Amino acid sequence: MNICRRFLSIVFIISCSLLVVAQQQGNFTVGTATAAPGQKATGYIEVPAGIDAATGIPVIVMRGTRPGPVLALVSGLHGTEYASVIALEKLIPRIDAAQISGTVIILPLVNIPSFLQKVPHVNPVDGKSMNRFYPGKIDGTQTERVSYLITKQVVERCDYLIDYHGGDLDEDLRPYSYWSKIGNEKQDAITRDMVLAFGLDHIIVVSDRPKDPNASRYLENTASTRGKPAIAVEAGHAGTVETNDVEALANGTLNVMRYLKMLPGAAPMLEHPVWIGKVDTISSDQNGFFYPLVQRGTYVEQGMKVGYVTDYFGNTILEARAPAAGVVLYICAVPSMKKGDTIANVGEVTKNP
Ligand SMILES: [Zn+2]
């Protein structure tokens, strides 16, 4: 009995010391930011000049003392979707690196030229959307070089990814997330849990994004096609930074971290969200003044008028109607209406996501 006890206590001591060794993790570097365990480091992913100017993407690395997954949080691919950028800025001081398990990589503002020059949708340096050219290429334009380095230094090194958006300067948007199904049952179950843990109560189900990792186009899809569960989330509208939107994005992130066991505590999961099975885009075939007749989040019936466009003399030249019943996910927030631009996106509700 005595010997047995002594043996057990030796086994206990050995396993404790093994545990201590196993629970330590080394430094983690992204760009010029190197974080030691328990620390937060800041730096830049340097993007060299090519056929256009060089740039640097700000990066924050938070290294936990305990092992765990690497979670990447990326905002500001569209630099004037302010609520999403500010949400990550506000999150930085709210996460204590010493208290987390694993590592968090934050890119709070990728598209700096868009932010500084207040240009929506694109990177004004090359006129490209920074969420359409993944996985990017090192010999391309600035957007493509940025996309390439984010793929290499962030996507390929993370285990999970969240891409943050919000209504752009001209988009009156109600909050929602994207559940992108890639056809792998296990991964799709994890991303479903991630959107439910994030907690935005309208969820767009997407299953038609590219399956080829070399032609992934979107950031979230670049992670998904590389076997890393990823979601995209949107809150914010028309250039505003409202507390509700910022808090929804920040709190949703902390809850996903609880779901991933990077933070202690249970993650409450959203029950009975509104699943959107199809998104109908209403676009304009006219230049003119746009007048909305419904607000973001309104439920509309098929055929209902959602807005109209007049010429420069006040004559109505287009009546925009909902092609199907659903919820107005966003509607144009400004009078400027250019031929080909989006008037509104209407989401068709599905019971069977
Ligand atoms: Zn966006």
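**Zinc site**

I looked up the spacing of the zinc donor residues in this predicted model, and along the sequence they follow H-x2-E-x83-H. The donors to the zinc ion are His-78 through ND1, Glu-81 through OE listed twice, and His-165 through ND1, at 2.0 to 2.4 Å; I took as donors N, O and S atoms within 2.8 Å of the metal (3.2 Å for Na, K and Ca), and since water is not among the atoms, sites may look incomplete. Glu-81 and His-165 stand 84 residues apart and link distant parts of the chain, Glu-81 being in the loop between strand E5 (66–75) and helix H2 (82–91) and His-165 in strand E7 (residues 160–165). Helices (H or I, at least four residues) and strands (E, at least two) are DSSP runs numbered from the N terminus. Both Glu-81 and His-165 are buried, where buried means under 20% relative accessible area, exposed over 50%, and partly exposed in between, with a 1.4 Å probe and protein chains only.

I then checked the geometry, and the site of the zinc ion is irregular, with angles of 56 to 148 degrees among its four donor atoms. Four donors count as tetrahedral if all angles lie between 85 and 135 degrees; four count as square planar and six as octahedral if opposite donors are over 155 degrees apart and all others between 65 and 115, and anything else is irregular.

**Notes on the numbering and the model**

Residues are numbered from 1 along each chain as its sequence is written. The model is predicted, so I kept in mind that local features need pLDDT of at least 70, that side-chain atom pairs count only at pLDDT 80 or more, that totals for chains, interfaces and linings use all residues, and that side-chain values use heavy atoms, with hydrogens and water left out.

**The four-stranded sheet**

I traced an open sheet of four strands in the order E16-E15-E13-E18, with antiparallel pairing; two strands pair if DSSP finds at least two bridges between them. Strand E16 (316–321) and strand E18 (336–337) are at the edges with a single partner strand each, so one side of each has no neighbour in the sheet. Strand E15 (residues 305–310) runs antiparallel to E16 and is joined to E16 by five bridges, with Thr-310 opposite Thr-316. In the hairpin of E15 and E16, five residues lie between the strands, and Gly-314 takes a positive phi near 95 degrees. On the pairing of E13 with E15, I noted four bridges in the antiparallel sense, and Phe-290 stands opposite Val-309 in E15.

**Strand E19 and its partners**

Strand E12 (residues 274–283) pairs with strand E19 (residues 342–350) over eight bridges in the antiparallel sense, and the bridge partner of Ile-282 is Ala-344. Strand E17 (residues 326–332) also runs antiparallel to E19, joined by four bridges, and here Ile-331 stands opposite Ala-344.

**Two single residues**

Phe-289 lies in strand E13 (residues 288–292) and counts as partly exposed because its relative accessibility is 35%. Thr-253, in helix H7 (residues 243–259), counts as buried because its relative accessibility is 0%. From Thr-253 to Glu-220 I noted 33 residues in sequence and 15 Å in space, C-alpha to C-alpha.
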